[in-house]
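Me: I keep meeting labels such as "oblique" and "stacked". Could you take me through the reasoning behind them?

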Amino acid sequence: MEKNTIIPDNQQLWTKVCSFQNLRSAWNKVNANKGAPGIDHITLEDFNQNLDENLKTLQDQLEKNEYKPLPVLRIYIDKDDQTKRPIGISAIRDRIIQQSLHLVISPIFEQEFLDCSFAYRPRRSTHDAISQIETLLNDGLIWVLDGDIEKFFDTIDHDLLLSYITEQISDTRVLKLIEELLKTGVFENMTISEEYIGISQGSVISPLLANIYLHQFDKQINKKGYHLIRYADDFIILEQTQEMIARALADITTILQTLKLNLNEKKTRLIHAENGFVFLGYYIDINGKGPVKEIVISY
């Protein structure tokens, strides 16, 4: 986001989150994204039948401090490595609240996020991240740390996350809403349970919360002068020498510990760009990017 973007005063944030206009804008985004119903079985079509009335109900609940998010419905999807990824499906009403909150606070944090961060951000894409890697390779940064954070979404510390949010948000009502969303119960195997760490993948607000959390990582890595490209919890660091990239690995391990996170040792490696690596669906080597299948040919 442009640095001269006008950001609403913190005192206006709650009013904007609760406004009917903002809730309708949030509904439009939620509806456009489609998706299955949550634990209450209310579909997008159901909610749309009495749209204004349903939005007004949500507005009243927010303004009267009566809104409580419903438990998240947890399902699992298959990953490429034969494991399963937990996905949380929020009720339509809760997705609208999350989106309304996102519309208001996202511009504030976009002002702070660094250029090395590419995931879940406006006007940024995987292609931009790959292009930046190619630029750094062309500049002679040919030693690569291909990193992955172990179970990142599942291990985010709520207290740390809230402390990072309060660096930019002072409205106590907004902070209370975020805390309630973090503490939302999970419905799985006919049981509702509370979780005290982690954020639910699949929710509207979780990508922004993830970037807020890892912004601390970005700041510390950049302060040390390393060349970081991060896409969610996957990241690449490129440096000129093997010694520099080994030093980066040691520093990253320490930095992640301050965030109560760990490197995924099985997916993290130090390599020379000549040997190639896969990042965001592309095979990349010293000559640039290509289809992933090329990595098979290089073995």
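The turns below test each label against its definition.

Reply: Ground rules come first. This is a predicted model, where local features need pLDDT of at least 70 and side-chain atom pairs count only at pLDDT 80 or more, while totals for chains, interfaces and linings use all residues. Residues are numbered from 1 along each chain as its sequence is written, and side-chain values use heavy atoms, with hydrogens and water left out.

Me: What makes β1 and β4 a pair of strands?

Reply: Two strands pair if DSSP finds at least two bridges between them. Strands themselves are DSSP runs of E, at least two residues long; helices are runs of H or I, at least four; both are numbered from the N terminus. Two bridges join β1 (residues 72-78) to β4 (residues 186-188), so the definition is met. These strands run parallel. Val72 has Val186 of β4 as its bridge partner, and Leu73 stands opposite Phe187 in β4.

Me: In which sense do β1 and β2 pair, and over how many bridges?

Reply: They pair in the antiparallel sense, over six bridges. For Ile77, the bridge partner in β2 is Arg85.

Me: How do you know which strands are at the edges of the sheet?

Reply: The open sheet has four strands in the order β2-β1-β4-β5, with mixed pairing. β2 (84-89) and β5 (191-193) each pair on one side only, and these are the edge strands. Neighbouring strands are turned by 40° against each other on average, direction ignored.

Me: Why are α2 and α4 called oblique?

Reply: Start with the angle. Axes are lines fitted to C-alpha atoms, for helices over the stretch in contact, and angles run from 0 to 180 degrees between N-to-C directions. The axes of α2 (residues 20-32) and α4 (residues 51-63) cross at roughly 125° and come within 10 Å. Now the cut-offs: under 35 degrees is roughly parallel, over 145 roughly antiparallel, 65 to 115 roughly perpendicular, and the rest oblique. The α2 and α4 pair is therefore oblique.

Me: What makes up the contact of α2 with α4, by class?

Reply: Contact means heavy atoms within 4.5 Å. Phe20, Leu23, Arg24 and Trp27 of α2 meet Leu51, Asp52, Leu55, Lys56, Gln59 and Leu62 of α4. By class, that contact has six nonpolar, one polar and three charged residues. Here Ala, Val, Leu, Ile, Met, Phe, Trp, Tyr, Cys and Pro count as nonpolar, Asp, Glu, Lys and Arg as charged, and the others, Gly among them, as polar.

Me: Why is α8 called roughly antiparallel to α9?

Reply: The axes of α8 (residues 158-165) and α9 (residues 172-182) cross at roughly 155° and come within 11 Å. That angle makes α8 roughly antiparallel to α9. Their contact has six nonpolar, one polar and one charged residues.

Me: And what is the verdict on α5 and α9?

Reply: Helix α5 (residues 92-110) packs against α9 at about 135°, with the axes 12 Å apart. α5 and α9 are therefore oblique. Ile97, Gln98, Leu101 and Ile105 of α5 make the contact with Val174, Leu177, Ile178 and Leu181 of α9. Seven of these residues are nonpolar, one is polar and none is charged.

Me: How many aromatic pairs are there, and why is that of Trp27 and Phe47 called stacked?

Reply: The whole structure has six aromatic pairs. Rings of Phe, Tyr and Trp (its six-membered ring) pair if their centres lie within 6.5 Å; planes under 30 degrees apart are stacked, over 60 edge-to-face, and the rest tilted. Trp27 and Phe47 lie 5.4 Å centre to centre with 25° between the planes, so they pair and are stacked. Trp27 is in α2 and Phe47 in α3 (residues 44-49), 20 residues apart.
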